[in-house]
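User: Please take a close look at a single part of this model, the largest pocket, and set it beside the nonpolar core. I would like the cut-offs behind each term as well.

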Amino acid sequence: MTPGQAPGNGQAGTWRRLFHRDHRAPVIVLAGGVGLFATNTYVTTSLLPSAVAEIGGEKLYAWTMTVFVVSAVISSMLVSRSLERLGGRSSYLLGFGVFAVGTVITAAAPTMPVMLVGRCVQGLAAGLLAGLGFAVLRLVLPEQLWQRAVALMSAMWGVGNLLGPVIGGFFAQIGWWRGAFVFLAVGSVALAVLTLTSLPAAASRGESPGEGVPWLALVLLASAALLVSVASIESSPLLVAVLVVAASGVAAAFVIRERTTSGPRVLPESTYRGRSPLRWIYASIAVLTLASTIETFIPLFGQRLGGMSPLVAGFLGAAISWGWTVGSIASSNVDGDRGKKLVRVAGPLAVSAGFLGYGALQIAVPSGAIQAGWYLALFVSGCGIGMAMAHWLTAGLKVAAQPREAARVSAGMNTAQLIATAFGSALAGLLVALGGPSLLGSARVLSFGYAVIGVVAVGIAVREFTVARRFRAAPGTA
């Protein structure tokens, strides 16, 4: 029996089969790793106003996300090497263990710089955990279940966006924001225990590329994200412009290095060369992920503009997650090339429509009806992200047939999401700063600015459809 096979794997990939006893435990670990990453992200977002009120560091507000994600991007490069040397079980145990350590540091932080250290350690673990999900998926599940499993892992970002604000808002509401991180540490330990009995211990030699780490590319990538983050906390328009131009130049240097190097890359070589549609698949995943980073400031707007309590503002941030989860699960039933294309275009349109509505409803003294409109608009955007994301991730898994290339492609999808999150959190901070000094102006600029992302995603999708059709029609391709 080959890896990932189970009795009856020739049957259709249904939710019931995904959670059959042959697959249930590993599926929980794979989804749990992504869910832990996502929940931690949104827990921090929802309780950060309370944490800042106690330990200070408001000027470093956006950096809590940027530091976390930049370190996650770096560790995502270690997924294939970790699987090759340690195997799935030990890799997951390493990830859960390091995450628990970083979470404890964050929970005990007396100042914002110490919290940033904890967030950095958390990010190192989270990047590994999220990347392992897509890489191990191919080893423990039959292909018929990939669509459902990808939809589930995609939905976990939505679940995290639901649980994170609720958990963070609850602990902030009772005046013990540190308790939220204690809760996450306990969850990490519980998943580690389940890992011991559910994943294979053998290293996957021959399945992963075993290449080195592209340190120069990662330094360029991290530098670009950090430059945008610095721009988001500067008050001088001239300095902001200089920093953004510098970040664009460093990002361009990253792309040039990736295209021309003969050594290890952040993304697979076919992303930059040849007829493969992979570059457009990655671009779509990145843009949709970028759209989700608007939630970094939504609880803050809810508390400051709507007068909401931390818990209620947390639910406002969770509106995106509800939509994401509903859209991801519902769209997993869509089959056929035409239906999948329709979903991948309709999703970004819903993203733009929701953000436009949310921005239009930003007024000085919002009524209860207006605040209800905030929830609805964000829910619509979340649906758009979830319904399109699930199908883009599955499309990425099916691009490469060979195990070595498939490992690169799978890790690259996680890296694309992390890169987008790093730049998205910095971009959100920059737009908020540009809309200031009024918080109302910041909310409008951020919302309308992010509405443009959906339009960009539609253009990328249309381009991918054309490239993919030519790719399939080319001699020697399937």
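Analyst: The pocket comes first below, and the core follows.

This is a predicted model, in which local features need pLDDT of at least 70 and side-chain atom pairs count only at pLDDT 80 or more, while totals for chains, interfaces and linings use all residues. Residues are numbered from 1 along each chain as its sequence is written, and side-chain values use heavy atoms, with hydrogens and water left out.

The largest pocket has a volume of about 840 Å³ (a pocket being an open set of points, on a 1 Å grid over the protein atoms alone, where a 1.4 Å probe fits, with protein on both sides within 12 Å along at least five of seven lines; lining residues have an atom within 4 Å of a point; the volume is the space filled by probe spheres set on the points, which are joined across faces, edges and corners). Among its 25 lining residues, Ala-251, Val-255, Ala-286, Ile-419 and Phe-423 are the closest to the centre. Two or more lining residues come from each of helices H8 (215-232), H9 (237-260), H10 (278-292) and H15 (403-435) (helices are DSSP runs of H or I, at least four residues, numbered from the N terminus), and H10 gives the most, with seven. By class, the lining has 22 nonpolar, two polar and one charged residues (Ala, Val, Leu, Ile, Met, Phe, Trp, Tyr, Cys and Pro count as nonpolar, Asp, Glu, Lys and Arg as charged, and the others, Gly among them, as polar).

The largest nonpolar core has 125 residues, and Tyr-92, Leu-141 and Leu-446 have the most contacts inside it (such a core is a set of buried Ala, Val, Leu, Ile, Met, Phe, Trp, Tyr and Cys residues joined through side-chain atoms within 4.5 Å, buried meaning under 20% relative accessible area with a 1.4 Å probe, protein chains only). Helix H2 (residues 24-55) supplies the largest share of this core, 15 residues.

Note on methods. Buried < 20%, exposed > 50% of the residue type's maximum accessible area, 1.4 Å probe, protein only.
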